[in-house]
Protein chains: 2
Amino acid sequence: MGRPRVAILSGDRIASAAMDLVDATGGFTIPELARRLKVSPSSLYNHVSGREQIIELLREKAMSEVELPEPTGPWIDVVAAIMRSYRRSYARYPRLIPLLTAYPVASEQATGMYNALARTLTEAGFGADDTLRIITLIDSFVLGSALDAAAPATPWGTSPDVGPELAAALDTGAAKADRAEDAFEFGLAVLLRGLNTL
Amino acid sequence: MGRPRVAILSGDRIASAAMDLVDATGGFTIPELARRLKVSPSSLYNHVSGREQIIELLREKAMSEVELPEPTGPWIDVVAAIMRSYRRSYARYPRLIPLLTAYPVASEQATGMYNALARTLTEAGFGADDTLRIITLIDSFVLGSALDAAAPATPWGTSPDVGPELAAALDTGAAKADRAEDAFEFGLAVLLRGLNTL
């Protein structure tokens, strides 16, 4: 059996091509996607129902390295483990983030993570309203941190406008290879301490 | 004096066209920008030095509604006021966010805000290393919250995978017209409480 010379169109191949376009340009359109895959737009519609389904395939890719910990032990440790893995997984695709937040979450894998967070927070004693607020806080901090993880090693330039206090702060980061990781762990601890004293 | 029939090329017109492209497609290239402005790429280079300067012009637009409060009163109130205004200003341009975080900050207005944060935190007694970490936490939370402010009214779809705890949490948000604002104020309070007990 020889290999087919042209890869067969599939949801996975469509999602990979869409991800390449988002990485390179910040977005994708159906005609661009069809051109990249060397097929007609109507062939794409044989495999996906449209833009929203492609967005969900991209969300699944962004979530693919999220690991859910065993839901045992203190709630704070379970939440921290989910947040670390969520940030790591999304930091691979920073330009995808505003596309994903612009569409309602529908993919099974994403819903699974939000279920785990909601269950853990409910069991910890938070009401349904605070559970939604905390999930939103987790999302905002993790997605912002994923963008920071993809930022340049020195995210602030050396402008003559930088004042002495900012210069002193920036100096402490310039020496750290793991600046973004260090700041994420600090922020995670601040946030969990703030939640623990609700 | 008649009005010129063709608007004169300027940094501001270039930035507006770049912003329209980012809003529509997630990014911009110099050739796309030239086409949109109906000029040659080389005419663009008479006004801007290149892509990085255009990014800084976009950063200035995103920051244009950031208001710095009087640096008097408790540090926590100064930081909260900056964060509220920073989020509001950026929520107007969600798709711009990953472009801005991918380039080092150079614009005067952005540096002015970071100077105000660094001065406030230093005067509150935080060391230079924690000042950088707190500024990074503020950035991550504010940019993530700006993305959430631009999200659909119901950011989670109704999938059969949604478990009972998540469903109960989502129900509390469905009724709130100000879901994103409410979650931001909650997160801001959690974060400041966590910082206040450092």
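Here are four short exercises, with worked solutions, on a predicted model of two chains, A and B.

**Exercise 1. Describe the fold of chain A: how many helices and strands does the chain have, and what box do its C-alpha atoms fill?**

Solution. Start with the secondary structure: chain A has ten helices and zero strands. Next, read the order from the N terminus, which is α-α-α-α-α-α-α-α-α-α. Finally, take the extent along the principal axes: the C-alpha atoms of chain A fill a box of roughly 60 × 50 × 35 Å.

**Exercise 2. Find the annotated regions of chain A and work out their helix content.**

Solution. Begin with the record. An unreviewed UniProt entry gives "domain: HTH tetR-type" for residues 8-66 of chain A. Now turn to the model over that range: residues 8-66 of chain A are 68% helix and 0% strand, with end C-alpha atoms 28 Å apart. The unreviewed UniProt entry also places a "DNA-binding region" at residues 29-48 of chain A. For residues 29-48 of chain A the model gives 60% helix and 0% strand, and here the end C-alpha atoms lie 14 Å apart.

**Exercise 3. Determine how chain B is related to chain A, and say which kind of axis this implies.**

Solution. Superpose the copies first: a turn of 180° with a shift of 0.0 Å along the axis lays chain B on chain A, at an RMSD of 0.0 Å. The two copies are therefore related as by a two-fold rotation axis. Then check the contact surfaces: 100% of the interface residues of chain B are interface residues in chain A too, so the copies meet through the same surface.

**Exercise 4. Characterise the interface between chain B and chain A by its size, its polar links and the elements that build it.**

Solution. Take the size first. Chain B brings 68 residues to the contact and chain A brings 68 residues. Together they bury about 5,400 Å², with carbon and sulfur atoms giving 68% of that area.

Now the polar links. There are 18 residue pairs in polar contact between the chains, both residues being at pLDDT 80 or more. The salt-bridge rule finds two across the interface. One of them joins the side chains of B:Asp182 and A:Arg133, at 2.7 Å from N to O.

Last, look at the chain B side. The elements giving two or more residues are α6 (97-101), α7 (108-123), α8 (128-149), α9 (164-174) and α10 (179-196) of chain B. Among these, α8(B) gives the most, with 17 residues. By residue type, this side of chain B divides into 33 nonpolar, 21 polar and 14 charged residues.

Notes: Residues are numbered from 1 along each chain as its sequence is written. Chains are lettered from A and ligands numbered from 1 in the order in which they are written. This is a predicted model: local features need pLDDT of at least 70, side-chain atom pairs count only at pLDDT 80 or more; totals for chains, interfaces and linings use all residues. Side-chain values use heavy atoms; hydrogens and water are left out. Contact means heavy atoms within 4.5 Å. Buried area is the accessible area (1.4 Å probe) that two parts lose on being put together, summed over both. A salt bridge is a side-chain nitrogen of Lys or Arg within 4 Å of a carboxyl oxygen of Asp or Glu. A polar contact is a pair of N or O atoms within 3.5 Å; within protein, one must be able to donate a hydrogen and the other to accept it, and residues adjacent in sequence count only if both atoms are side-chain atoms. Helices (H or I, at least four residues) and strands (E, at least two) are DSSP runs, numbered from the N terminus. Ala, Val, Leu, Ile, Met, Phe, Trp, Tyr, Cys and Pro count as nonpolar, Asp, Glu, Lys and Arg as charged, and the others, Gly among them, as polar. UniProt positions are given in the numbering used here, feature names are shortened, and annotations may be inferred rather than shown by experiment. Copies are superposed by least squares on the C-alpha atoms of residues with pLDDT of at least 70 in both.
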